[in-house]
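Please consider the structure shown here before reading the dialogue.

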Amino acid sequence: MNKKISVVIAAFNEEPRISAVLKAVSGHPIVDEVIVVNDGSSDDTSGVVKKFDVKLIENEKNMGKTLSVKRGIESSRNDIVMLLDADLKGLDEKSIYELAKPVLEGQVDWTLSLRGNSFPHMKIAKMDWVSGERVVPKSMLQDPLIWSKPRIGFGLETLMNKSLLNNKRSFQSVYLPNLKIVNKAQKIGWVKGIASEFKMVGQILKVMPMHEIIGQFITMAYLNKKYSKQLKQACCDSTAKI
């Protein structure tokens, strides 16, 4: 595993949480650079980030997740990019290795995480198709489709999925049981948190209608199972030849 990666983190008002993520990625053996795009935060997110040896990009005003992630990717210098949310708990050296390994070793084209607190139906399907933790070659992120709705916010992952599926890119869901994302109710209170969750769903529905979203989930769950089976078989065949 001699390749190194660029980590891109978009952050908005994550002062209490982002340091835990930065502690995990800063100085990691396979991480060559860490880029944080502070999306016009009103708290001291920037002050926390400046305590780490990372590249900080400041948006003068809030531009949304899609444009912030795009800006981070465009400033990265490596061929492989790891996208991380800024409000993760339980991210550690091992989980970073596990998420990146299938791509770095050429087993699949890209990966995405299945968190420990992902919804039950996602755990049953062994795939969280809207996860923000992904490892993707930068060349696969050049498709204009991915960035076609710059103000869509939480629809970014859905468009990314659509592009990667259209181009028949193989992938693997990586289960990281200790990794959790802080839900919005914990961050901004129950009322605002629930409203924000509905807003997120609404943004995703602006990307594609519900039946297409369900179809994307089912397709990705099937393909994840297929690719995982192929990798397992390849591993067994390789072991048998030794």
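The dialogue that follows concerns one serine and the sheet.

This is a predicted model, in which local features need pLDDT of at least 70, side-chain atom pairs count only at pLDDT 80 or more, and totals for chains, interfaces and linings use all residues. Residues are numbered from 1 along each chain as its sequence is written, and side-chain values use heavy atoms, with hydrogens and water left out.

Student: Is serine 118 buried or exposed?

Tutor: Buried means under 20% relative accessible area, exposed over 50% and partly exposed in between, with a 1.4 Å probe and protein chains only. Serine 118 has 9% relative accessibility, so the residue counts as buried.

Student: Which side chain does the side chain of serine 118 join in a polar contact?

Tutor: A polar contact is a pair of N or O atoms within 3.5 Å; within protein, one must be able to donate a hydrogen and the other to accept it, and residues adjacent in sequence count only if both atoms are side-chain atoms. The side chain of serine 118 also reaches the backbone nitrogen of arginine 115, at 3.0 Å. The side-chain partner, at 3.4 Å, is aspartate 128.

Student: Which strands are the edge strands of the open sheet?

Tutor: Strands (E, at least two residues) are DSSP runs numbered from the N terminus, and two strands pair if DSSP finds at least two bridges between them. The seven strands have the order β3-β2-β1-β4-β7-β6-β8, with mixed pairing. Those pairing on one side only are β3 (55-59) and β8 (171-176).

Student: In which sense do β6 and β7 pair?

Tutor: Strands of a sheet pair through backbone hydrogen bonds, either parallel or antiparallel. Leucine 112 stands opposite arginine 134 in β7. Over two bridges, the sense of pairing between β6 and β7 is antiparallel.

Technical notes: Helix = DSSP H or I, 4+ residues; strand = E, 2+ residues; numbered from the N terminus.
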